[in-house]
Amino acid sequence: MAEAAASTQPESSQVIVVTSGKGGVGKTTTSANIGAALASLGKSVVLIDADIGLRNLDVVMGLENRIVYHLVDVVEGYCRLSQALIKDKRFDNLCLLPAAQTKDKTAVTPEQMRQLCKDLKREFDFVLVDSPAGIEQGFKNAVAGADRAIIVATPEVSSVRDADRIIGLLEAESMPAPKLVVNRIRPAMVRRGDMMDISDILDILAIDLLGVVPDDESIVVSTNRGEPAALSSASRAGQAYRNIARRLTGEQVPFMNLEDGAGLFGRLRRLFGTAH
Amino acid sequence: MASQEGSSGSPPTDSLRVIPTRSGVRVHLPARGDLDGVLAQLEARLAPEDALRGRAVTVDVAGRSLDVARLREIETLILDRLGASLLQVVEGRAPAGPRPRTDGAGPARSVRRQGRRPVEEPAGRGASPSNGALPLDMTPTLLVRRTVRSGQRVRFNGHVVVLGDVNPGAEIVASGDIIVMGTLRGVAHAGATGAPDAQVAALRLQPGQLRVGSVIGRAPDGGPQRPSVPEVARVRDGVLVVERFLAPGGE
Ligand SMILES: Nc1ncnc2c1ncn2[C@@H]1O[C@H](COP(=O)(O)OP(=O)(O)OP(=O)(O)O)[C@@H](O)[C@H]1O
Ligand SMILES: [Mg+2]
C-alpha cells in the first residue's frame, strides 16, 4: 500500500479478519473480546460486523440501541463513514461499524470492502472484521480487505475440517499464514479422551496457535449483558482473550494452564519447535 | 449415460460419440469439422445429465493435431464445467487421407504435461530400456509441494507425489500411483483409469477412503488406525491390502 505510507496510518496498523467456515464456533465472541481487550491495552480499534443480514456483534458489545447507520449505508453513500461508527460505552478508542440487518450479503462487493478497510486503517491501529460463516460471498467480502486472518475452530472434527478448507482458500490470497484460536475447549473432556486435544488439531491444520479459549459460562452471561468477558478479570475465557490480544501486539505470552494443563505447554513447545 | 452408439474399436467417423467405460466415458471427436462446434455439442449433450461428474474421461481427438490453447479448452470443459475427475487426451487414429490440420499451428505432443497414452496401454511401470538395465518408470509424475487441504482436489494423469499431508476432505486422483510424504487422511484414488497394479503409499496411511482401480476400501468404523510406519495399499486378488512399506528387493 504505497499511498497509505504518507498518511497518518499508524505503523503497525492492520486489518484482521476473524473467520471459521463453520457457523456458531465463536467468531463474533472472539472479535468482540479481542477488540475489547486490545482497546483496554490502549490500542485504537474498530470492529466491522461483516455478517450482513444477521448482525449480532452490536448485541455482544451492548451497542444495539445506538445504531443509526450501517455498513451498507456507508458503501452506498447514504452517510459518511464517521457517522456510521458507533463509539463503545467503555472505551473511547473502540468503535463498531454495524452490519445492516435488512440487506443481504450481495449488497456489498469485495472491492467496496477493500476500500472501506483501507479508509479505516488510516484511523485505527486494529481493524477487526467479524466474518459470516460459510465460504460464499459474505466470506469473500470479509477477507477482501484483510492483511491477515484469525481462524476460530472448536475441538470438533467438522469445525477443524472447515477451518482447513478456509486455510486452503486463504492460501490463494496473498496473505501470511493465518493464526488459530481454539475455542470452547473442555479440559476434563480432553483428559478423558472424549474431545480432540490441541495437538491433534495443530497436527492437521499446521498453522501457529494464537490462543486457546476454554468453554466458559461467563461467555454466555457476558454476551447477554453486552459486556465482553475480556473486561471481567474473573472470567477464564476473558483471560484467554486478553492473552490473545497481547500476543497480537507482539508480546510473548505463555499459554494458559487449562486446569489439567499437564503437558499442554510442553506439547506446544515441542510442536512449535518442530513446526514446518 | 448420454449415448451408447458404436463400440470402442470402431474407426473414426464424422460424428461425435460418447462411449461408457468402467470408470467413466470415452469421447470420440469426429475427425473433421469445426472443433468449437463439436465441443459445444459435447457440452450440450453431457451437461444436463451431469454424467461426467467424478468420472474419468478419455478424449480421443481422432488424429487431430491440437495446440496447447485447444487442449486447455478441452481440459476446462471436461474437468471444470462438466466436473470430471480425470482427463486424458489420446491422439487416436486419423482417418485415411491427408491429415486434417484445422486447429492451431503446431502439434501439442511436446508441450503437453499430461500423458497421451491410451488407456489400454500398460502404465509403463517397469518398462525397461531395451538394453535391459534398470527398470525405469517413465510415467509423468506430478509433485505437489504442499499440504492438500479440505476441499482441494488434485487430479493427474500419471503418478502423484505429495510433499506434505493430505487432510480430511481433500482428494487425490491419479491414473498411476499416489505417494504421500506425510499423513494421508483424505481420499486417495490411484489407478483411476483402471490400472490394477497401482498403489497408494504414505508415511502415515490413515485415509478415510482409499480406492485402487475399481476397488474401494474405507477405514474401519471407529476411526482409522494410526500406524507408525510407512505403509502401502495395493490390490491383491481383488481385495485392497495394506502392508508395511518395504523397498522392492528387500522383501
Ligand atoms: N468459549 C465459549 N464458552 C461458552 N460459550 C461460547 C464460547 N464461545 C462462544 N460461545 C457461545 O456460542 C454461541 C455462538 O458464538 P458466536 O455467535 O460467537 O459464534 P459465531 O461463529 O459468530 O456464529 P455465526 O457463524 O452464527 O456468526 C454463542 O451463544 C456464544 O455465547
Ligand atoms: Mg457471528
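V72(A) is in contact with I52(A), A100(A), K103(A), A107(A) and V108(A), leaving aside its neighbours within four places in sequence. The model is predicted, and V72(A) belongs to helix α3 of chain A, which spans residues 71-75. One of the contacts can be followed at the backbone: V72(A) and A107(A) are 35 residues apart along the chain, and their C-alpha atoms are separated by 6.7 Å. With a relative accessible area of 0%, V72(A) is buried, because buried means under 20% relative accessible area.

**Helix α9 and the residue after it**

Helix α9 of chain A covers residues 198-205. Of its 8 residues, 6 are buried, so the helix is largely enclosed by the rest of the structure. The buried residues are I198(A), S199(A), I201(A), L202(A), I204(A) and L205(A).

A206(A) follows α9(A) and is found in the loop between α9 and β8 of chain A. A206(A) is not a glycine, yet its phi is positive, at about 50°. At a relative accessible area of 33%, A206(A) is partly exposed.

A positive phi also occurs in R184(A), another residue other than glycine, where the value is near 65°. R184(A) lies in strand β7 of chain A. Its relative accessibility is 41%, so R184(A) counts as partly exposed.

**R149(B) and its contacts with chain A**

Is R149(B) buried or exposed? R149(B) is buried, with a relative accessible area of 5%. R149(B) lies in a loop of chain B, between β5 (141-144) and β6 (153-156).

Two acidic side chains of chain A make polar contacts with the side chain of R149(B): D164(A) at 2.7 Å and E171(A) at 3.0 Å. Beyond its neighbours within four places in sequence, R149(B) is in contact with residues of both chains. On the chain A side these are D164(A), I167(A), G168(A), E171(A), I204(A), L205(A), A206(A) and I207(A), and on the chain B side N167(B) and A170(B). I204(A) and L205(A) are among the buried residues of α9(A), and A206(A) is the residue that follows this helix. The end of α9(A) and the loop after it thus appear in the contact list of R149(B).

**Surroundings of ligand 1**

Which residues come nearest to ligand 1? Of the 17 residues around ligand 1, the nearest are G24(A), K27(A), T28(A), T29(A) and N183(A). Four elements of chain A each supply at least two residues of the shell: α1 (27-40), β7 (179-185), β8 (208-214) and α10 (217-225). The largest share, 3 residues, comes from α1(A). Strand β7, one of these elements, is also the strand in which R184(A) lies.

Nitrogen atoms of ligand 1 have polar atoms of N183(A), P214(A) and D216(A) as partners. For N183(A) the partner is a polar side-chain atom, at 2.9 Å. For P214(A) it is a backbone N or O atom, at 3.0 Å. For D216(A) it is a polar backbone atom, at 2.9 Å. On its own, ligand 1 has 640 Å² of accessible area, and the protein covers 79% of it.

**Aromatic rings**

R247(A) lies over the face of F255(A), at 4.2 Å from the ring centre. A search of the whole structure finds 0 aromatic pairs over all chains.

**The two chains**

The table lists values for each chain.

| Property | Chain A | Chain B |
|---|---|---|
| Helices and strands | 12 helices, 8 strands | 2 helices, 15 strands |
| Buried residues | 54% of 276 residues | 46% of 251 residues |
| Contacts at separation of 6 or more that join residues 24 or more apart | 75% | 43% |
| Exposed area | about 12000 Å² | about 12200 Å² |
| Share of exposed area from carbon and sulfur atoms | 48% | 54% |

The residues V72(A) and R184(A) sit in a helix and a strand of chain A, respectively. R149(B), by contrast, is in a loop of chain B.

Notes. Residues are numbered from 1 along each chain as its sequence is written. Chains are lettered from A and ligands numbered from 1 in the order in which they are written. This is a predicted model: local features need pLDDT of at least 70, side-chain atom pairs count only at pLDDT 80 or more; totals for chains, interfaces and linings use all residues. Side-chain values use heavy atoms; hydrogens and water are left out. Buried means under 20% relative accessible area, exposed over 50%, partly exposed in between (1.4 Å probe, protein chains only). Contact means heavy atoms within 4.5 Å. Accessible areas come from the Shrake-Rupley method with a 1.4 Å probe; for residues, only the protein chains shown count as cover. Rings of Phe, Tyr and Trp (its six-membered ring) pair if their centres lie within 6.5 Å; planes under 30 degrees apart count as stacked, over 60 as edge-to-face and the rest as tilted. A charge sits over a ring if NZ of Lys or CZ of Arg is within 6 Å of the ring centre and within 35 degrees of the ring normal. A residue is near a molecule or strand if one of its heavy atoms lies within 4 Å of it. A polar contact is a pair of N or O atoms within 3.5 Å; within protein, one must be able to donate a hydrogen and the other to accept it, and residues adjacent in sequence count only if both atoms are side-chain atoms.
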